[in-house]
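Hi,

Here is the structure I promised to pass on. My notes follow below it, and I hope they save you some time.

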Amino acid sequence: LVEFVIRKPWWKMWWFILGYLLLSAILIFIYFQNRLNRVRKEGERQNEINQKFAELEMQALRSQMNPHFLFNALHSIQDYIFNNDAREANRYISSFAKLMRMILDASKEKYIYLEQEVEMLRLYIELEQLRFEGKFDYQINVDPSIDKMTTEIPSLILQPFVENAINHGLMHRKEKGQLRLDIKPNVNKLCIILSDNGIGIDHSMQMKKGDQLHHKSKGVSLIEDRIDLMNEMYNTNIEFSMSKLDPSIKEFPGTKIEITIPQLT
């Protein structure tokens, strides 16, 4: 009697099936891993493109912030020269040139030190005082606990608000106006309050018509766009609000601007 043992073909053996399943799992893993890497790289490339576009948009916003002031400053210099006031013209040109250098340097940066921003504002406000012949006084108060040399804020973020306060609020007063800037810390944030005793938001809006409204509000609208863009790009939380300083005063209720910036040190 002859016995025969018929063995399973090798492709039905347990070790082959196990190996096949393991190999298939590895190949599937490699395929999806490669696909995931490609998707991730494409996402990173798209993010880089979006970042570059956002940076270009940010630069465009910064570059559009000061032409109105530039025009007014040059017009004032022209007036001084025509009035044969060479000393005042020379003083104005010197301050104007220093401010322009600082603005050009700051416009290249996303953030600058608070010391630089305050100095630029001081120069700008003093030039406007010269231009409007002392029609207003100003105060800039920085809390002593803030290190202005290490604390950073978005560059050129305050000048359009100061410009609006002077040109659309204080200039309509017959008496001397007041402009005040307070900067203080608030739980790992920088709280900036700009206030003036001008005609207020409602009266200012009523006085602006057509193209004049669009032109004069452009600086502030650019800043609002820039704040939104920075919050989106850098996942930060810069907050901005505008309100009446004293609603009980009908003729000159004034305006209060509050900006809260997460502190960078």
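A polar contact here is a pair of N or O atoms within 3.5 Å; within protein, one must be able to donate a hydrogen and the other to accept it, and residues adjacent in sequence count only if both atoms are side-chain atoms. One such pair joins the side chain of Asn-197, through a polar atom, to the backbone nitrogen of Gln-178, at 2.8 Å.

This is a predicted model, in which local features need pLDDT of at least 70 and side-chain atom pairs count only at pLDDT 80 or more, while totals for chains, interfaces and linings use all residues. Numbering starts from 1 along each chain as its sequence is written, and side-chain values use heavy atoms, without hydrogens and water.

The chain has eight helices and seven strands (DSSP runs numbered from the N terminus: H or I of at least four residues, E of at least two). Asn-197 sits in the loop between strand E5 (189-196) and helix H6 (200-207). Beyond its neighbours within four places in sequence, Asn-197 is in contact (heavy atoms within 4.5 Å) with Leu-170, Arg-173, Gly-177, Gln-178, Phe-252 and Gly-254.

Of the 265 residues, 38% count as buried (under 20% relative accessible area, with a 1.4 Å probe and protein chains only). Among contacts in the chain with a separation of 6 or more, 72% come from residues 24 or more positions apart.

Elsewhere, Glu-117, Leu-121, Tyr-124, Ile-125, Glu-128 and Arg-131 in H4 meet Gln-159, Val-162, Glu-163, Ile-166 and Asn-167 in H5.

Enjoy exploring!

Note on methods. Buried < 20%, exposed > 50% of the residue type's maximum accessible area, 1.4 Å probe, protein only.
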